[in-house]
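Hi,

Here is the structure I said I would pass on. Have a look first, and my notes on what turned up are underneath.

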Amino acid sequence: MRIFNKITDIKAEIKKIKSSGRSVGLVPTMGFLHEGHMSLVRESVKNNDVTVVSIFVNPTQFGPTEDLAAYPRDFESDCALLEKNNADIIFYPEPSEMYGEGFCTKVELSGITEVLCGITRPVHFAGVATVVTKLFNIVNPDRAYFGSKDYQQLQVIKRMIKDLNMDVDVVGMPIIRENDGLALSSRNVYLKGDERTSALALSGSFKLVENLLREGVEDTKTIKEKVADFILSHPHTRIDYIETVHPETLVSVDSADTDFVMALAVYVGKARLIDNRYFEVHHV
Ligand code: AMP
């Protein structure tokens, strides 16, 4: 496994790989890696000759009051996990390497980035789209792997690739959870004491929705109200949003008579957790 910090160095290496006809898979991450990230890495290793994992806590996707400085980091343990899972290359640039002097370009999508997380995190998706575009240009991957844990991010990337005719196949991967249902997240380390139990309110909500749909409840307003009551019955919780949206456009849906995604963002103590589930309505 090789580690690159400089864009020119990794680009030269990728050029060699590509000219020998080998395929490249990219897994973009912010580090503090866990089994959720590893599921992406293993899928890439299986389907590509070379797997590149980027580790970059991207400053431009954090708002001024968000947790950029506190975001957990552990490069040594990340390297050990990646080695064990057969990643080939780590791209680990400094922010100054990614955003050199005079940097002033932004990739911005409208609509799809203005709902869900885009409401309380207005600069987030432009930061994501810009850094992912840069990573695509640097690594030139055949395939790029993203988790559906960040459901909106996955749809934004798919839309951007389509709109800008980028030559990358996006592979969306399922959410990896703890045995009790909590979606794995680097931010779970923020959960203290009984906040860990309260965090189960998110995945528990989906069971509740399943039951409501089975009972024939279709009005998503009622569904969302019941989910809100359920979440708020857990201590330390504060709701950012509870939404039922169209799986691709992320436009809000009023009636659960067609497939939809329930997306949640909930503060549990200081941790802002997100989770979602795709409901295939006629197969619940
Ligand atoms: P992050 O380091 O949080 O930016 O995540 C990097 C990638 O890993 C993103 O595509 C995430 O969606 C994905 N990821 C994070 N947590 C999980 C999880 N629990 N299951 C599947 N993928 C995940």
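Let's start with C104: this cysteine is exposed, because its relative accessible area is 71% and the exposed class begins over 50%. Keep in mind as you read that this is a predicted model. C79 goes the other way: with a relative accessibility of 13%, it falls under the 20% cut-off and so counts as buried. If you were wondering about disulfides, the count comes to zero.

Now the ligand. How many residues surround the ligand? The shell has 17 of them, and the closest are H37, G147, D150, I176 and L184. Sorted by character, the shell residues come out as nine nonpolar, six polar and two charged.

Three polar pairs with the ligand are worth finding on your screen:

- D150 uses an N or O atom of its side chain, which sits 2.6 Å from a ligand oxygen.
- M30 takes part through its backbone, with an N or O atom 2.9 Å from an oxygen atom of the ligand.
- L184 also has a backbone N or O atom 2.9 Å from the ligand, but here the partner is a nitrogen atom.

As for how covered the ligand is, it has 480 Å² of accessible area on its own, and the protein covers 93% of that.

Which elements each supply at least two residues of the shell? They are β2 (24-29), α2 (35-47) and β5 (143-147). The largest share comes from α2, with three residues.

Two residues in those elements deserve a closer look. G147, already mentioned as one of the closest to the ligand, is in strand β5. Is G147 buried or exposed? Its relative accessibility is 17%, which is under 20%, so G147 counts as buried. Leaving out neighbours within four places in sequence, G147 is in contact with L40, L154 and M173. G147 and P174 are 27 residues apart in sequence, yet their C-alpha atoms are 6.2 Å apart in space.

S39 belongs to helix α2. With a relative accessible area of 11%, S39 is buried as well. Not counting residues up to four places away in sequence, S39 touches M173 and I176. That brings back two names from above: M173 is also a contact of G147, and I176 is among the residues closest to the ligand.

Two other serines make a nice pair to compare. S205 is in helix α9 (residues 200-214). Its relative accessibility is 0%, so S205 counts as buried. What does S205 touch, once residues up to four places away in sequence are set aside? The list is V227, F230, I231 and L264. A polar atom of the S205 side chain also lies 2.7 Å from the backbone oxygen of A201.

S96, by contrast, is exposed, with a relative accessible area of 56%. You will find S96 in helix α4 (residues 95-98). S96 and E225 are 129 residues apart in sequence, and 45 Å separates them in space, C-alpha to C-alpha.

If you only have a minute, go to the ligand and pick out the D150 side chain at 2.6 Å, then the backbone atoms of M30 and L184.

Cheers

Methods. Residues numbered from 1 in each chain as written. Predicted model: local features only at pLDDT ≥ 70, side-chain atom pairs only at ≥ 80, totals over all residues. Heavy atoms only, no water. Near = heavy atom within 4 Å. Polar contact = N/O pair within 3.5 Å; in protein donor to acceptor, adjacent residues only side chain to side chain. Areas by Shrake-Rupley, 256 points an atom, 1.4 Å probe, with all protein chains shown as cover. Helix = DSSP H or I, 4+ residues; strand = E, 2+ residues; numbered from the N terminus. Nonpolar A, V, L, I, M, F, W, Y, C, P; charged D, E, K, R; others polar. Disulfide = S-S within 2.5 Å. Buried < 20%, exposed > 50% of the residue type's maximum accessible area, 1.4 Å probe, protein only. Contact = heavy atoms within 4.5 Å.
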